[in-house]
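Student: Please take a close look at the largest pocket in this model. I would like to know what lines the pocket and how far the prediction can be trusted there.

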Amino acid sequence: MQGLAVVLFPVVLMLFALFMERVENRLRKLLEPEEEVQQYLDRASNAEVNELAKLGVPPAATRMRRTRRTRAREDELDVAQAS
């Protein structure tokens, strides 16, 4: 019985490690892409970086997207008014 446990334990441990790797990869895909995070850090002010540190990447990136959309709309309005 102990011999069976000695043989099965490493196999079960390897299967668990493979399963956890797949879970980790799926979770990594749910997070913000690395390129978008780098853009955020390049354009962020000190207050935005502090928000990133407090809230984490997803909420800070969502706020950045909202700000970017608002600025894009303002730019569109400026162009439309200038025409």
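Tutor: Confidence in this predicted model runs from a mean pLDDT of 71 in helix H4 (residues 57–82), the lowest in the protein, to 91 in helix H1 (residues 2–30), the highest. Over the protein the mean is 79, with 86% of residues at 70 or more.

The largest pocket holds about 170 Å³ of space. Its lining consists of Tyr 40, Arg 43, Ala 44, Glu 48, Arg 63, Met 64, Thr 67, Arg 68 and Arg 71. Helices H2 (34–43) and H4 are the elements that each supply two or more of these residues. H4 gives the largest share, five residues, and H4 is also where confidence is lowest. By type, the lining has five charged residues, three nonpolar and one polar.

Tyr 40, Ala 44 and Met 64 from the lining also belong to the largest nonpolar core, which has five residues and includes Leu 52 and Ala 60 as well. Leaving aside residues up to four places away in sequence, Tyr 40 touches Glu 48, Val 49, Leu 52, Ala 60 and Met 64. Of these contacts, Glu 48 and Met 64 are lining residues too.

Ala 44 sits in the loop between H2 and helix H3 (46–55). Its relative accessible area is 18%, so Ala 44 counts as buried, the cut-off being under 20%. Ala 44 and Met 64 are separated by 20 residues in sequence, with their C-alpha atoms 8.4 Å apart. In soluble globular proteins, nonpolar side chains tend to be buried together.

Methods: Residues are numbered from 1 along each chain as its sequence is written. This is a predicted model: local features need pLDDT of at least 70, side-chain atom pairs count only at pLDDT 80 or more; totals for chains, interfaces and linings use all residues. Side-chain values use heavy atoms; hydrogens and water are left out. A nonpolar core is a set of buried Ala, Val, Leu, Ile, Met, Phe, Trp, Tyr and Cys residues joined through side-chain atoms within 4.5 Å. Buried means under 20% relative accessible area, exposed over 50%, partly exposed in between (1.4 Å probe, protein chains only). Contact means heavy atoms within 4.5 Å. pLDDT is the predictor's confidence in each residue, from 0 to 100. Helices (H or I, at least four residues) and strands (E, at least two) are DSSP runs, numbered from the N terminus. On a 1 Å grid over the protein atoms alone, a cavity is a set of points where a 1.4 Å probe fits but cannot get out, and a pocket is an open set with protein on both sides within 12 Å along at least five of seven lines; lining residues have an atom within 4 Å of a point. Grid points are joined across faces, edges and corners, and a volume is the space filled by probe spheres set on the points. Ala, Val, Leu, Ile, Met, Phe, Trp, Tyr, Cys and Pro count as nonpolar, Asp, Glu, Lys and Arg as charged, and the others, Gly among them, as polar.
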